[in-house]
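Here are some short exercises on pockets and strands, each with a worked solution. Have the structure open as you go, and try each task before reading on.

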Amino acid sequence: MNAKKIYLTKKGLEDLQKEYDELLNKRRPEVVDRLSAAREMGDLSENAEYTAAREELAFIDGRVEELEILLKQVEIISDGSHKTHAVDLGSEVVVKIGGKQETFRVVGEWEADPTEKKISHESPLGKALIGKAVGDEVHFEAPAGTMTYKIVSIS
């Protein structure tokens with residue numbers, strides 16, 4: 001099976017590793033202790049604490065498994081501090097929309113966060129920007145219709 005690459009910045013990888021460590025070494029042992037204590041209370045069929053702890057443990061185990069798979073597929077992308085002539089993963093791109101400017105960072109899909117202006121390379125805008133240079137106009141489909149941005153700078 002050819003695993004899909006998960007593109008992350010160094011910070012994104014650190015965040016995932018931190019979550020993994022927190023779940024595995026702190027939250028999971030706490031929930032196992034709660035589950036054990038609840039089991040000692042007697043009748044498990046009417047024990048809400050036991051049921052809640054069991055469900056939380058299942059969630060944690062599922063997330064740990066998901067993170068283990070993700071971490072095996074990570075490919076680190078540049079933080080954009082290199083000089084480049086074309087937009088790539090990790091690039092910070094300043095675009096002009098009408099009379100105003102917006103700044104976006106192109107990241108992998110796992111780090112995308114529109115509220116922080118981090119856009120996935122798989123998003124319509126990300127796909128339109130990849131490979132383009134300063135001065136290029138990019139056109140892409142958005143819910144509001146076809147959008148046109150002009151690239152002002154790339155770093």
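**Exercise 1.** Sort the lining of the largest pocket in this predicted model by residue class, then say which elements supply it.

*Solution.* Start with the classes: ten residues of the lining are nonpolar, two are polar and two are charged. Next, look towards the centre: of the 14 lining residues, Ile119, Ser123, Pro124, Leu125 and Phe140 lie nearest to it. Then assign elements: β5 (118-120), α3 (124-129) and β6 (137-142) each give at least two residues to this lining. Finally, the volume of this pocket comes to about 220 Å³.

**Exercise 2.** Do the same for the second largest pocket: how many of its lining residues are nonpolar, polar and charged?

*Solution.* List the lining, which includes Lys11, Asp15, Glu19, Arg63 and Trp110. Counting by class gives eight charged, three nonpolar and one polar residue. Now find the main contributor: helix α1 (residues 10-39) provides the largest share, five residues. The space in this pocket is about 180 Å³.

**Exercise 3.** Work out which strands stand at the edges of the five-stranded open sheet, and why one side of each has no neighbour there.

*Solution.* Write down the order first: β5-β4-β3-β7-β6, with mixed pairing. β5 and β6 are the edge strands; each has a single partner strand, so one side of each is left without a neighbour in the sheet. On average, neighbouring strands of this sheet are turned by 45° against each other, direction ignored. To finish, take one pair: β4 (residues 100-107) and β5 run parallel and are joined by three bridges, and Val106 stands opposite Ile119 in β5.

Definitions and conventions: Residues are numbered from 1 along each chain as its sequence is written. This is a predicted model: local features need pLDDT of at least 70, side-chain atom pairs count only at pLDDT 80 or more; totals for chains, interfaces and linings use all residues. Side-chain values use heavy atoms; hydrogens and water are left out. On a 1 Å grid over the protein atoms alone, a cavity is a set of points where a 1.4 Å probe fits but cannot get out, and a pocket is an open set with protein on both sides within 12 Å along at least five of seven lines; lining residues have an atom within 4 Å of a point. Grid points are joined across faces, edges and corners, and a volume is the space filled by probe spheres set on the points. Helices (H or I, at least four residues) and strands (E, at least two) are DSSP runs, numbered from the N terminus. Ala, Val, Leu, Ile, Met, Phe, Trp, Tyr, Cys and Pro count as nonpolar, Asp, Glu, Lys and Arg as charged, and the others, Gly among them, as polar. Two strands pair if DSSP finds at least two bridges between them. Axes are lines fitted to C-alpha atoms, for helices over the stretch in contact, and angles run from 0 to 180 degrees between N-to-C directions.
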